[in-house]
Amino acid sequence: MKVAICTTNFKNNLCEAISKNVVNLSVGISTKYHTVLLIPGKIKSSIQLERHLQIENYGKQRSYKSKLRVLLNIIELSTFLKIRASEYALIHFHVGNLIELFFLWVFLPRMQAIKLVTVWQPYLGFFEFLSLPRLFKGFLIGVVHHYLVNTFLHLPLFCIGQKGFYKIIVSSNYQKRQLNRIVKESKVVVISNGVEHPIPFEHERVNSDNKRLLYIGHATAAKGIDVFLKALSSICKEKDIDVSIALSDFGNYDIKKMTRYYGINGKVTIKGIVNVYKEMAVHDLLILPLKTSVGTTYYPNVLLECFASGLPVIASSLEVIKEIITNGKTGILVRPGNVRDLVEAINGVLSKEEENLKDMSLLQKQEFERKYTLEKYIFNHVLLYNSLLNKNKMTSFKML
């Protein structure tokens, strides 16, 4: 029995959450089923994939900045499946947002295979739709593409596109509540993301007694890095801290220029793509200042990796984030886009006793083991696959 897992939105260096999790899921599923991973291009990574996972590319690799990338990937995937669909008993699609389901519905050929889809992002509801311009202020270009593909205005297209799938998988209860308004509740399944356990690293600190802050993500307005840098301009006047900013190869801001503008360039080290767990092992606090959960988080892997590492975290109080963080216990929540809140939260954490931070770290690790391990993520998918592929023998399943 052959299973295909495919994604319309793939970054070949596996730095994006979708890309990394789809590959990890495929490796795990391949220990249970004959599994084929369908991707555009080839994986550009040193990751050691299991021999029993078969990888095929259905189209060419395109620039991640291309506005037509996802649509062209869907067309090429559909062309590939017109010839090969009969090989698979189950096909699991992974898409970034709701409108992609409509494009799949338009282009996919008719298939006998059971079709599932994971939708990674929630959509912008009416009130968030109205509030984002205030959060983005002078950088409205940073929100335009969210309005084009990520809002409640596309729900009619979603209602059409979702008809082609037996189950819709989401990573948060917030997403499920959104979708339950327009589809049958039994059709939506929540499977929380999961990440790998951290590899132990030696805690080699730089020659400094300063507290060390860490930011990992894109240099974009949606990620809130502008809010973080503005907060640092205030904090660095009063406290001795060191800051590492690890950036992907995607962004709108010139971070070096911004650090000079805020007078903090001497305190900030700008890095490229990093080993996340290695960086977390040598820092004291992670900052996740997201302005929106749409187009930015995908139920953020970096937050789950933070829990796995036991690294205290300050994050925005978005609906998706509030499902993960218990404020004051496993992290600190602040209003998105609010510089004053972020300054006060950072100062508050830096002034805490070490024992309090150790308690937070312990609770994070316990929560990770309970809910967010890669093993649970894979196992819950296996349960779902089993219930569908053996539906005559099994009528229900229970997630971990």
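Trainee: Where does Ile 75 lie?

Mentor: Ile 75 belongs to helix α2, where a helix is a DSSP run of H or I with at least four residues, a strand is a run of E with at least two, and both are numbered from the N terminus. Keep in mind that this is a predicted model, in which local features need pLDDT of at least 70 and side-chain atom pairs pLDDT 80 or more, while totals for chains, interfaces and linings use all residues. Residues are numbered from 1 along each chain as its sequence is written, and side-chain values use heavy atoms, leaving out hydrogens and water.

Trainee: Why does Ile 75 count as partly exposed?

Mentor: Its relative accessibility is 31%. Buried means under 20% relative accessible area and exposed over 50%, with a 1.4 Å probe and protein chains only, so 31% falls in between.

Trainee: What makes the nonpolar patch with Ile 75 a patch?

Mentor: Ile 75 joins Leu 68, Leu 72, Trp 105, Val 106 and Phe 107 on the surface. A patch takes residues with over 30% relative accessible area and no salt bridge, joining nonpolar side chains (Val, Leu, Ile, Met, Phe, Trp, Tyr) within 5 Å and like charges within 9 Å. At 31%, Ile 75 therefore passes the area cut-off. Together the six have about 500 Å² of accessible area, by the Shrake-Rupley method with a 1.4 Å probe, counting only the protein chains shown as cover.

Trainee: Which element gives the most to the nonpolar patch?

Mentor: That is α3, with 3 residues.

Trainee: Why is the pair Arg 62 and Glu 76 called a salt bridge?

Mentor: The closest N and O atoms are 2.9 Å apart. A side-chain nitrogen of Lys or Arg must be within 4 Å of a carboxyl oxygen of Asp or Glu, so this pair qualifies.

Trainee: How do you know whether Arg 62 is buried or exposed?

Mentor: Arg 62 has a relative accessible area of 13%, under the 20% limit, so Arg 62 is buried. Its partner Glu 76, at 21%, is partly exposed.

Trainee: What makes Lys 271 and Glu 279 a salt bridge?

Mentor: Their side chains meet at 2.9 Å, N to O, so the pair is within the 4 Å limit. Glu 279 is buried at 12%, whereas Lys 271 is partly exposed at 25%.

Trainee: Which residues do salt bridges that share partners join into one network?

Mentor: Lys 2, Glu 56, Arg 84 and Glu 87. Within the network, Arg 84 and Glu 87 have their closest N and O atoms 2.6 Å apart.

Trainee: How many salt bridges does a search of the whole structure find?

Mentor: The search gives 11.
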